[in-house]
Amino acid sequence: MLAIWCAHLAIDRWRLAEGCDRGRDADAAPVVLVGESAHGPRIAAVNAAAQAQGAVVGTMLADARALCPGLVVHPADPAGDLAFLEGLALWAQRWGPWSALDPPDGVIVDTTGAAHLFGGEQALVADALRLLQRRGLAARVALAPTAGAAWALAHHGPQGAILAGGEDVARRLGALPVAALRLDDDVLLLLRRLGLKRIEDLASVERENLARRFRNRRSPAANPLVRLDQLLGRVPEPALPVIGVEAPMVQRRLMEPIRHRSLLDRVVADLAGDMARALEGRGQGARRLELGLWKVDGEVLVRRLEMAAASRDPAHLVRLFAARLDDVDAGFGIELVRMRASWTEPLALAQSDLEAAAENHGTSLAACIDRLTVRLGPQAVRRPAPQASHLPERAQRWQPPLAPVKTSQEEFEFHHRPLKLLDRPESIAVIYAAPDGLPRVFGWRGRRHVIARAEGPERIAPEWWRERSSVRLRDYYRIEDEEGRRFWIYRHGIAGDGRGGMPEWFIQGLSA
Amino acid sequence: MHLSNSSVPSGLPPGLVRGLAASTRAGRWRPGLATGCRHAEIFAPAGEGSGAGLALALAREALKNEGWRCAPGDPAADTPDERAWLWVQDKAARRLSGRPYRPGLPPDLRHRLIHVAADKPEDALFALEEALRCRDLAFVIGEIAGNPKALDFTASRRLSLAAERHGVPLWLVRLDAACDLGSARMRWKVVAAPSPAPRWNAHAPGDPTWRAELFRAHTFQPGQWTLRDDASALAVSPAFEAGAGDLVRAPGDRSLAAG
């Protein structure tokens, strides 16, 4: 786990917005950011010059003015800070596949299995420090096996501290103050009154005694024991993934930020080749792929792709991604590209040179469906599956084309069904030969159809367990008009059923 | 009936006759003939199911007669054909004539259907071409309404070439369309026709019946038929069996094999 703590997030944001360097220009004057409180403006953040003159975070602005009359006051922007932090958390995924916010000014990144991509843990931490400094953020970074330990080291340990997996966490962190346990202020106050100032002091007290005093086990921030267990990794933190599933991941860090599509295609092709090798080593194929593009200006673009069947053919992956990269705005350039297979399935090794002449032998069904899905969308390529329902339009449901079909009881085929069904039944105007019988003539889409032959009615009652009681039944007729057109029409309701006026007629299907 | 299979030089697909007066030497189409045609167009009115019905009937017929790539000598030829088939519709075609309905499809085809609902005709043509390149599909049915600009002679030619190169047959149903230029090997016009009365209920609609006109074909003489799809095969209804009524042949003109 990598913990990043932006100690002066609000001031750094203000300075970036002003566009001045640290301690120069506008930042040379004592600047405070104030937020509104019930008793007037209260200081939310101070810069180095203001701190030197005695302004402290949390005091009222009027008190600080008395100490230091030359204060420059700007409004604080907590919502903007949070949005910035969200962007930072996404950006920080460059060091690991998963990251979480640690409000108000921290980010936790899960770097499990990612350190070797940077050349070890030291190199990863150095890289993080360098990039954060380049973004103009005063950040403290620490790496530790658990989120709690990383947080404690980032806030109260040395800069860039690394706690290796084999070390004794309790001994290494014992000297830190109890505030490193991420506790609420009132709990900290209580601990201070009890004389427990360091983490190792807690270990000197009997565990039962502490457990008797701190009974709140719901919120970890109110219970030092829960926090201690989280720190030592005895209790999992709920927000973190329980099992570290290592998703195959490949990346390219680019010496020179790229801005052109042809270069990006080249990089994606390289990544697809790497990914194919990584997947082949595990005997797996990718079902879902994520392509992350880290831009120089701190933005991250993510393109996701799902495939109908597991695949690791690099040419296929490149072709699918090519359609997704059309709308990428490179801005000032892309400096890091990463491909990650977040969903994989076993895929046996196959003899590959048989596929070499795909142009001559055609594509496979899965590849064909992937190409269609990428251009037309997943809702456009589907297959009908039977569903247990009497209502004709509910008797089939649409599902992804290569998904397994659920086993179902075969329907009895007493009745003919039409070849095609209209998306919604269309109303037809009818002329009866005899009241409440079959019509003799009907009009549909401006044409007159004289019914020559008919079979019916087939009565389909509403599904009372699903629908309201006022839904009317349907009497279906299979008809053929004088010119031989075959339709499937129905009467909606019967006269005098107490569920509406005179029954209406609809056409629902076209027979072959 | 005039059969020309015997007069065709070996090495050409059945029924392929070239040269002067080829159309008079060409054979007449009849159901059950292996045509070798990979791209056929069927013009049909949109307010009835005849176009899709005939396309499906022809496709089943072709699967049965030619077994496209289940060639003789293929060890897997005995196993039932379980390849998927694709039905591509554009938005106007879906609105005018509805979507395929699984319970109404032939039982041997209904579990293998993959439906592609494209929005624009361009998308539908893209889907058709991609499908024709796929070796795992049994056949492809397309439905495009009207005469969209995207479906010009070039697009039609692309489809023909793709179908012939990869051997996946295509039946393209054109709903409410004028017969513009196209490169399909066989072009049909079809409307619904009154069906024969079923045996047990003379008042009910019978087997699907169509009046089909083959108005352009590379290897067959044009003609008209009334075709009927009884559950097992495509059959010619007796009323129109003689084909185009204006062509009367001399008694000696028929081959012995045709009876």
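## Predicted two-chain complex: folds, confidence and interface

Chain A contains 16 helices and 20 strands. The model is predicted, and the predictor assigns the complex an ipTM of 0.82 and a pTM of 0.66.

**Chain summaries**

In chain A, buried residues are 35% of the 512 residues. Of the contacts in chain A with a separation of 6 or more, 53% join residues 24 or more positions apart. Chain B has five helices and 12 strands. The table sets out the remaining chain-level values.

| Chain | Residues, buried share | Contacts at separation 6 or more that span 24 or more positions |
|---|---|---|
| A | 512 residues, 35% buried | 53% |
| B | 259 residues, 44% buried | 70% |

**Confidence in chain B**

The average pLDDT of chain B is 81, and 76% of its residues score at least 70. Two stretches with low values are listed here. Residues 1–12 of chain B have pLDDT under 50 throughout, and the model gives them 24 contacts beyond four places in sequence. Residues 240–259 of chain B also have pLDDT below 50, with 20 contacts in the model beyond near neighbours in sequence.

**The interface**

Contacts between the chains involve 45 residues of chain B and 44 residues of chain A. On the chain B side, at least two residues each come from helix H2 (50–66), helix H3 (91–97), strand E4 (99–100), strand E5 (113–117) and helix H4 (121–132). By residue class, the side of chain B that touches chain A has 22 nonpolar, 13 polar and 10 charged residues.

Strand pairing also links the two chains: strand E15 (residues 420–432) of chain A and E4(B) are antiparallel and joined over two bridges. A:Lys420 has B:Pro100 of E4(B) as its bridge partner.

**Helix H1 of chain A**

Why is helix H1 (residues 9–18) of chain A largely enclosed by the rest of the structure? Seven of its 10 residues are buried, so the helix is largely enclosed. A residue counts as buried here when 20 or more other C-beta atoms lie within 10 Å of its own. The buried residues of H1(A) are A:Leu9, A:Ala10, A:Ile11, A:Asp12, A:Arg13, A:Trp14 and A:Arg15.

These buried residues of H1(A) pack against several elements of chain A. The strands involved are E1 (2–6), E2 (31–37), E3 (40–46) and E4 (72–75), and the helices are H2 (25–28) and H5 (78–91). Just after H1(A) comes A:Gly19, with a positive phi of about 80°.

Definitions and conventions: Residues numbered from 1 in each chain as written. Chains lettered and ligands numbered in written order. Predicted model: local features only at pLDDT ≥ 70, side-chain atom pairs only at ≥ 80, totals over all residues. Contact = placed C-beta atoms within 7 Å. Helix = DSSP H or I, 4+ residues; strand = E, 2+ residues; numbered from the N terminus. Nonpolar A, V, L, I, M, F, W, Y, C, P; charged D, E, K, R; others polar. Pairing = 2+ DSSP bridges. Buried ≥ 20, exposed ≤ 12 C-beta atoms within 10 Å, placed from the backbone. pLDDT = per-residue confidence, 0-100.
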